[in-house]
Structures are given as structure tokens and as C-alpha cells.
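Please take a moment to look over the sequence and the 3D structure below, and keep both in view while reading. The paragraphs that follow move from one charged residue to the chain as a whole, and then to the pairs of side chains that connect its parts.

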Amino acid sequence: MCFLASLREQYLRLLLIYPYSPESKDAETQLWMQTSYVFISNYKQRIATLDRIMDGSPRQQQHPHQQSRQNGNHVVEHRKLLQRFRQFLAEEQKFWVELIIRIRRCLPPNDPSRSILLSLDIIPDENTPAASGDALQKRNHYRFPPDSDLIFTPQSLTPAQRASWLAMLSKALVCLGDIERYKEHYNEAGGR
């Protein structure tokens, strides 16, 4: 996970501090593919393997008591794996929501994207009290670069730069939607 945090930190620096450099082209897609999706894919594959094992036909050479004990182990392993996957997805959801909030802060305050994110309950309403400095520090365990490192202001964006930020925001929302879809598919009530 240390490698994941380091890789993610580098992508965040590219996206939020150097968004107009050639190296940051499609960085949000690479962030998804090389961090979140790698783990999601691995979990999905392991769950599918356990599903196949548990659904497979019993082996002829094994005693029925031995077969049922082995199947019980697979059920427990499956349940634990699903729990870890759901925890991972919950943490990923928090990360992508925070990224969306950070991207939104790079746009002008009156940008129409604000009302969309408000309606999706992604950003807080203006009437909600702001988080304290300690709370912000605790939430930054994803290693987002500080806003003070930004080399532009939202008010100084050109139309092309604004379009670039909106495209980045759109891609981050798609990633968040994918996580929600996986959470729904692998929820406790859904079972195998």
C-alpha cells in the first residue's frame, strides 16, 4: 500500500499542481487504472475464483465430511474477502469524493458545476460549517498537495483551462460512479 500511496501522490501533484503540463495528459485516467482499478480487478478475480470453487461439483475421492469442511472454509474465506473488498471500496469512495472536491475548488466559485455537485451531495452546502484545520489535516491522509502549492487561481482560468478542469471533474465523477456500482453489486444483501 505504500507504493499505492506514493504513486497516487505523484498523480495528484500532476493533476492539481501541474495540470497543463504534457505529462499530466490523461493523468486522471491513469490514476484510476493504476491505483483504484488494479485493486478492484484483483478483488473481483479472487471473489470469482472462490465463487467457482464453491459452486463446483464435489470431488469423488473426498469423504463427504471432508468435502463439507473444505466448502465451509471457502465460505468463510469468501465472506472475509467480500468484507475487505467493501472496506476498500468505501475508502476509495472517500478518496474520489475528496478529489472531486479538490478539482471543484480549482474552478471559479460561481461555476455551474457547483450546483451539480451540491445536488449529488458531494460538496457541502454553504450553510454547513467549515471543517477545522485539524479535521482538514486528518482528511488529507490521501496526500493531496496543499492548496497553497497551486500555481494559478480559479479566477485566472482561460476558457480552455476551465474546459480541461471540467473534463477532469467529469472523469472523476465517472470513477466515483464505478465505485458505487461495485459497492452495489458486492453488497451484503446481494450475496453470491
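Which side chain of opposite charge is nearest to Arg-104, and how far away is it? The model is a predicted one, and in it the nearest such side chain is that of Asp-111, 5.2 Å away. Arg-104 is buried yet has no salt bridge, because a salt bridge requires a side-chain nitrogen of Lys or Arg within 4 Å of a carboxyl oxygen of Asp or Glu. Arg-104 lies in helix α3, which covers residues 64-105, and, leaving aside residues up to four places away in sequence, Arg-104 touches Pro-109, Asn-110, Asp-111, Ser-113, Arg-114 and Leu-117.

With that residue located, the whole chain can be considered. The protein chain contains 6 helices and 0 strands, so that its elements, followed from the N terminus, read α-α-α-α-α-α. Of its 192 residues, 34% count as buried, and the accessible surface of the chain comes to about 11800 Å², with 54% of that area belonging to carbon and sulfur atoms. Among the contacts with a separation of 6 or more, 79% are made by residues 24 or more positions apart.

Side chains of opposite charge can pair when their charged atoms come close. The model has 9 salt bridges, and one of them joins Arg-8 to Glu-92, with a distance of 2.7 Å from N to O. Arg-8 lies in helix α1 and Glu-92 in helix α3, so this pair ties together parts that are 84 residues apart in sequence. Both Arg-8 and Glu-92 are buried.

Helix α1 also takes part in a second pair, in which Glu-9 forms a salt bridge with Arg-143, their closest N and O atoms being 3.3 Å apart. Because Glu-9 lies in helix α1 while Arg-143 lies in the loop between α5 and α6, the pair ties together parts that are 134 residues apart in sequence. Glu-9 is partly exposed, at 26% relative accessibility, and Arg-143 is also partly exposed, at 37%.

Asp-111, already met as a neighbor of Arg-104, forms a salt bridge with Arg-162, and their closest N and O atoms are 2.6 Å apart. Asp-111 lies in the loop between α3 and α4, whereas Arg-162 lies in helix α6, so the pair ties together parts that are 51 residues apart in sequence. Asp-111 counts as buried because its relative accessibility is 4%, while Arg-162, with a relative accessible area of 30%, is partly exposed. Salt bridges that share partners also join Lys-25, Asp-26, Glu-28 and Lys-171 into one network.

Asp-26 deserves a second look for its backbone, since it has a positive phi of about 60° although it is not a glycine. The place of Asp-26 is in the loop between α1 and α2, and at 34% relative accessibility it counts as partly exposed. Asp-121, found in the loop between α4 and α5, has a positive phi near 60° and is likewise a residue other than glycine; at 69% relative accessibility, Asp-121 counts as exposed.

Finally, the surface carries a patch of positive charge, where Arg-46, Arg-79, Lys-80 and Arg-84 gather. The largest share of this patch, 3 residues, comes from α3. Arg-84 is found in that helix, and with a relative accessibility of 38% Arg-84 counts as partly exposed.

Terms used
Residues are numbered from 1 along each chain as its sequence is written. This is a predicted model: local features need pLDDT of at least 70, side-chain atom pairs count only at pLDDT 80 or more; totals for chains, interfaces and linings use all residues. Side-chain values use heavy atoms; hydrogens and water are left out. Helices (H or I, at least four residues) and strands (E, at least two) are DSSP runs, numbered from the N terminus. Buried means under 20% relative accessible area, exposed over 50%, partly exposed in between (1.4 Å probe, protein chains only). Lys and Arg count as positive and Asp and Glu as negative; His and the chain ends are not counted. Contact means heavy atoms within 4.5 Å. Patches are made of residues with over 30% relative accessible area and no salt bridge: like charges are joined within 9 Å, nonpolar side chains (Val, Leu, Ile, Met, Phe, Trp, Tyr) within 5 Å. Accessible areas come from the Shrake-Rupley method with a 1.4 Å probe; for residues, only the protein chains shown count as cover. The place of a charge is taken as NZ of Lys, CZ of Arg, CG of Asp or CD of Glu.
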